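Thank you all for coming. I would like to walk you through one structure this morning, and I will put it on the screen before I say anything about it.

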Amino acid sequence: MEVRMPCHNQQLNNVSSGQEHPMKQVRFANSSSSVPAVVSNSESSDATTQPVSQDSLGPQLKLLPLNDQIRELQTIIRDKTTSRGDFVFCADRLIRLVVEEGLNQLPYSECTVTTPTGYKYEGVKFERGNCGVSIMRSGEAMEQGLRDCCRSIRIGKILIQSDEETQKAKVYYAKFPPDVYRRKVLLMYPILSTGNTVIEAVRVLIEHGVQPKHIILLSLFSTPHGAKSIIQEFPDITILTTEVHPVAPTHFGQRYFGTD
């Protein structure tokens, strides 16, 4: 007699038939209230401290469920007294959490496998056709976290620099898999400040045939302005981050790569 073992999260498949792919839903840190936006005196004394409304940013912005582990990692990364070794270690941990949740947003299909004891197990498998794209240089810090989860995933790169006076972003280099237009793209950029760099990167991907609805932006920290600017420009994009805060740790790239 054949026995089937249902997958414990099989209820995720109860989605409307009109969707192209069933999408997993990530929980919000504070889905029924505003996102905390407390600014310490050590970071900024005149930054806006008003809470950021989740509704005002829309469902495209997804926050990792806030817990003490994530909060501690955020604190260590923001602490100016943190050594570079501890900074990189905690940054890599936070990156891994974001990447794992980003992968959870990708489409999957049902499958049945046979266990060593002969039972049939009804589970899921991710569909092929995904890739990563890092925005150099800070986005490269997230590449290893993605490779640790997906050993054979292809990763493209974009080099964009902003003018110090006008803050206008300019593309200097872009290289993607030849069939990027057919793939789901995990766009990696750890800090969203103004959002200008990401907006320019998404435009380049669109020029290469990628649809905004197939782009999932993986970020560690975001300002309300940065997230809002991206969502207003591309309403179909998905942004996944750990925190929305008026003050972003813009020192991230320098501390991570030791160039501060």
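Let me begin with a single residue: where is the place of Ser219? Ser219 sits in the loop between β10 and β11, the latter being residues 221–222. Please keep in mind throughout that this is a predicted model.

Is Ser219 buried or exposed? Its relative accessibility is 0%, and because buried means under 20% relative accessible area, Ser219 counts as buried. If we leave aside its neighbours within four places in sequence, Ser219 is in contact with Val98, Met142, Tyr189, Pro190, Ile191, Leu192, Leu240, Thr241 and Thr242. One of these, Met142, is 77 residues away from Ser219 along the chain, and yet the C-alpha atoms of the two are separated by 9.1 Å.

From this loop I would like to turn to the strands. β9, β11 and β13 form an open sheet of 3 strands, in the order β9-β11-β13, with parallel pairing. The edge strands are β9 and β13, the latter covering residues 243–244, and each of them pairs on one side only. Between β9 and β11, which run parallel, there are 2 bridges, and Ile191, which we have just met as a contact of Ser219, stands opposite Phe221 in β11.

Next comes β8, which pairs with two other strands that I will take in turn. With β5 it runs parallel, joined by 5 bridges, and here Leu186 in β8 has Gly132 opposite. With β10 the pairing is also in the parallel sense, over 4 bridges, and the bridge partner of Val185 in β10 is Ile215. How many of the residues of β8 are buried? The count is 5 of its 5 residues, so the strand is mostly covered, given that buried means under 20% relative accessible area. Looking along β8, you will see Lys184, Leu186 and Met188 pointing one way, while Val185 and Leu187 point the other way, and all of them are buried.

That brings me to the interior. The largest nonpolar core has 31 residues, and among these Leu187 and Val198 touch the most other members. Two or more residues are given to this core by each of β2, β5, β6, β8, α5, β10 and α6, with the largest share, 6 residues, coming from α5. For Val198, again without neighbours within four places in sequence, the contacts are Ile135, Leu187, Tyr189, Leu192, Leu217 and Ile230. Apart from this core lies another, of 30 residues, which includes Ile77, Phe87, Ile155 and Tyr256.

Finally, let us look at the largest pocket, where about 700 Å³ of space lies. It is lined by 25 residues, and those closest to its centre are Ser138, Tyr189, Thr197, Thr250 and Gln254. Which elements give two or more residues to that lining? They are β6, β9, α5 and α7, and α7 contributes the largest share, with 4 residues. By residue type, the lining divides into 9 nonpolar, 13 polar and 3 charged.

If you take one residue away with you, I would suggest Tyr189, which is among the contacts of the buried Ser219, is in contact with Val198, and is one of the residues closest to the centre of the largest pocket.

Key
Residues numbered from 1 in each chain as written. Predicted model: local features only at pLDDT ≥ 70, side-chain atom pairs only at ≥ 80, totals over all residues. Heavy atoms only, no water. 1 Å grid on protein atoms, 1.4 Å probe; cavity = no way out; pocket = protein on both sides within 12 Å on 5 of 7 lines; lining within 4 Å. Points joined across faces, edges and corners; volume = space filled by probe spheres on them. Nonpolar A, V, L, I, M, F, W, Y, C, P; charged D, E, K, R; others polar. Core = buried A, V, L, I, M, F, W, Y, C linked by side-chain atoms within 4.5 Å. Buried < 20%, exposed > 50% of the residue type's maximum accessible area, 1.4 Å probe, protein only. Contact = heavy atoms within 4.5 Å. Pairing = 2+ DSSP bridges.
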